[in-house]
Every structure is written in structure tokens, then in C-alpha cells.
Amino acid sequence: MNTYLKKSPYLLFLLVMPVLGMVYKFLNENPQKAVHISTAVDGLIPFLPIFIIPYILWYGYVFIYLVYFCFKDTRVYLKTLILIVVGEIICFLIYFFFQTVVPRPQLTGDGMLIQLVGFIYANDQPYNCFPSIHVLTTFAIMLGSRHIGNKHLLNTLFIHIAGSLIIISTLFVKQHVVPDMIASMFLVSFLYGILFEFYSVPVTEKRDTVFVKNK
């Protein structure tokens, strides 16, 4: 219990996430001269409303695993959070100078899945797509989890299977196109190499030292 109490203050760093969300919302609601960067492959990818489920799962996936990282390994938590923050800031700069738009399909029907897609469409304009923040944050969690030790096999499987479904869901619900996905994964891989391979984030940890008196 004492370990959890010592690590819980680090959760305050998660308050940066709503701030990043407000920046994204501002950029998303103020479109400039947006361009299409769809590829021929995107034209072959069908619109599948069922993928709105993993797409929405993203909202809990990133937050829950960041909290899990915090208590499991604070260093990995901080590195992953820094990766996400720096990655999103880079995305925002790209959005400001190079805004893209993704064409959306005409929604028909009134099923639950279509309604969920409609809800996402209504609350997230089709701008600011390259690179994809959905993909960026998910891939950051997947890579960061590699440094968490003693994970249960089911936990490891869920992180990567759910993460993969979230990433491809962005294509099947027509929120992003292939270049958005590739750019995000490239950006995360680049930042991951710097933060996890070349740079160590220091975290002060209290250690008990035993002194043995010489006889």
C-alpha cells in the first residue's frame, strides 16, 4: 500500500492530457485549407461500422494503461507519457501548417453501430488527421508495455490485440487514411528510440540501506 501511495502523485502528470485535448479541439474546429492525402489502398478499405467499438475503446485504453504503468513501473510511465506529449505537440504543429481532411461515407440506417459512428463524426471534424493521434497514443502504449516486467500473458495479449484493433479501426470507420497511420507509427518509433534507448528519465526512489557494524 505504501508503494502505491508513494507513486500516486505521479498521476497528476496526466492532467496534461485534457490540456492537449483542448489544443486539438481548437485546431479541429478551425479548419484551414485542408488537403486530401488518400491513397489507392484507402479506396479498397471498406467502411465497417463494427470497428467503431475498438475505436471508442481507445478512450479508456490509453488512460487505464498509463495508470497501470505508473504503479507498475514509474520510469516507463513517465517515458511513455513524455513520448505521447511530445508526439502530440509535433502533430499539432503539423496540423497548423499542413491540415488534411478525410472524406467520410454517407451514413445510412439507424442501428446502434451507425449511431455510434454518427456520434463520433458529430463530435470530431474530419480535419487534423496526419499523423493520427489515435494511432500515436495507442502505439506508444504498445511499445511502452514492452518494458513492463512480470505481465500476465493475457494482459500482454490484450495490450497488443486491442491496440492493433484500435489502430486499424481508424481506417475502417474512415476517420483516417493509410498515410496517417504510417506517419504516426514512424513518429512514435523515432521518439521511442530516443526516450527508451538513448535517454533515461530519472525518478527518485527511496531505498532502504542496511549498515553492518564492523566487529
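In what order do the elements of the protein chain run from the N terminus on? They run α-α-α-α-α-α-α-α-α. The model shown in these views is predicted.

**Figure 1. Overview of the protein chain, with nine helices and zero strands.** The C-alpha atoms fill a box of roughly 85 × 35 × 25 Å along the principal axes. The protein chain has 215 residues, and 43% of them count as buried. Among contacts between residues at least 6 apart in sequence, 90% join residues at least 24 apart.

**Figure 2. The largest nonpolar core, made up of 53 residues.** Tyr61, Leu66, Tyr77 and Leu83 are the residues with the most contacts inside this core. Two or more core residues come from each of these elements: helix H2 (16-28), helix H4 (52-72), H5, helix H6 (112-123), H7, helix H8 (153-172) and helix H9 (178-198). Leu66 can be followed outward from the core: not counting residues up to four places away in sequence, Leu66 touches Leu14, Tyr77, Thr80, Leu81, Ile84 and Ile141.

**Figure 3. Packing of H4 on H5.** The axes of these two helices come within 6 Å and cross at roughly 145°. On the H4 side the contact is made by Val62, Leu66, Phe69, Cys70 and Lys72. Their partners in H5 are Thr74, Val76, Tyr77, Thr80, Leu81 and Ile84. Sorted by class, this contact holds eight nonpolar, two polar and one charged residues. Leu66 and Tyr77, which take part in this contact, are also among the residues with the most contacts inside the largest nonpolar core.

**Figure 4. Helix H5 (residues 74-97) against helix H7 (residues 133-144).** The two axes come within 10 Å and cross at roughly 160°. H5 and H7 are therefore roughly antiparallel to each other. The crossing of H5 past H7 is right-handed. H5 contributes Val76, Thr80, Leu83, Ile84, Gly87, Glu88, Cys91, Phe92 and Tyr95 to the contact, and H7 contributes Ile133, Leu136, Thr137, Ala140, Ile141 and Gly144. Of the residues in this contact, ten are nonpolar, four are polar and one is charged. Val76, Thr80 and Ile84 of H5 appear in this contact and also in the contact with H4.

**Figure 5. Packing of H7 on H8.** The axes of H7 and H8 lie 9 Å apart, at an angle of about 165°. That angle makes H7 roughly antiparallel to H8. H7 passes H8 in a left-handed crossing, whereas the crossing of H5 past H7 is right-handed. The H7 residues that meet H8 are His134, Val135, Thr138, Phe139 and Met142. They face Ile159, His160, Gly163, Ser164, Ile166, Ile167 and Thr170 in H8. By class, the contact of H7 with H8 has six nonpolar, six polar and no charged residues.

**Figure 6. Surroundings of Val188 in helix H9.** Is Val188 buried or exposed? Val188 counts as buried because its relative accessibility is 0%. Leaving aside neighbours within four places in sequence, Val188 is in contact with Leu83, Leu136, Phe139, Ala140 and Leu143. Among these partners, Leu83 of H5 and Leu136 and Ala140 of H7 also take part in the contact of H5 with H7, while Phe139 of H7 takes part in the contact with H8. Thr138 is 50 residues from Val188 in sequence and 9.7 Å away in space, C-alpha to C-alpha.

**Figure 7. The loop between H6 and H7, with Asn128 and Pro131.** The peptide bond from Phe130 to Pro131 is cis, with omega near 0°. In this loop, Asn128 has a phi near 55°, a positive value in a residue other than glycine. Asn128 counts as buried, since its relative accessibility of 2% is under 20%.

**Figure 8. Asn150 in the loop between H7 and H8.** Although Asn150 is not a glycine, its phi is positive, at about 55°. Which residue, Asn150 or Asn128, counts as exposed? Asn150 counts as exposed, at 77% relative accessibility, whereas Asn128 counts as buried, at 2%.

Methods: Residues are numbered from 1 along each chain as its sequence is written. This is a predicted model: local features need pLDDT of at least 70, side-chain atom pairs count only at pLDDT 80 or more; totals for chains, interfaces and linings use all residues. Side-chain values use heavy atoms; hydrogens and water are left out. Axes are lines fitted to C-alpha atoms, for helices over the stretch in contact, and angles run from 0 to 180 degrees between N-to-C directions. Helices (H or I, at least four residues) and strands (E, at least two) are DSSP runs, numbered from the N terminus. Angles under 35 degrees count as roughly parallel, over 145 as roughly antiparallel, 65 to 115 as roughly perpendicular and the rest as oblique. A crossing is left-handed if the near helix is turned anticlockwise from the far one by less than a right angle, and right-handed if clockwise. Contact means heavy atoms within 4.5 Å. Ala, Val, Leu, Ile, Met, Phe, Trp, Tyr, Cys and Pro count as nonpolar, Asp, Glu, Lys and Arg as charged, and the others, Gly among them, as polar. A nonpolar core is a set of buried Ala, Val, Leu, Ile, Met, Phe, Trp, Tyr and Cys residues joined through side-chain atoms within 4.5 Å. Buried means under 20% relative accessible area, exposed over 50%, partly exposed in between (1.4 Å probe, protein chains only).
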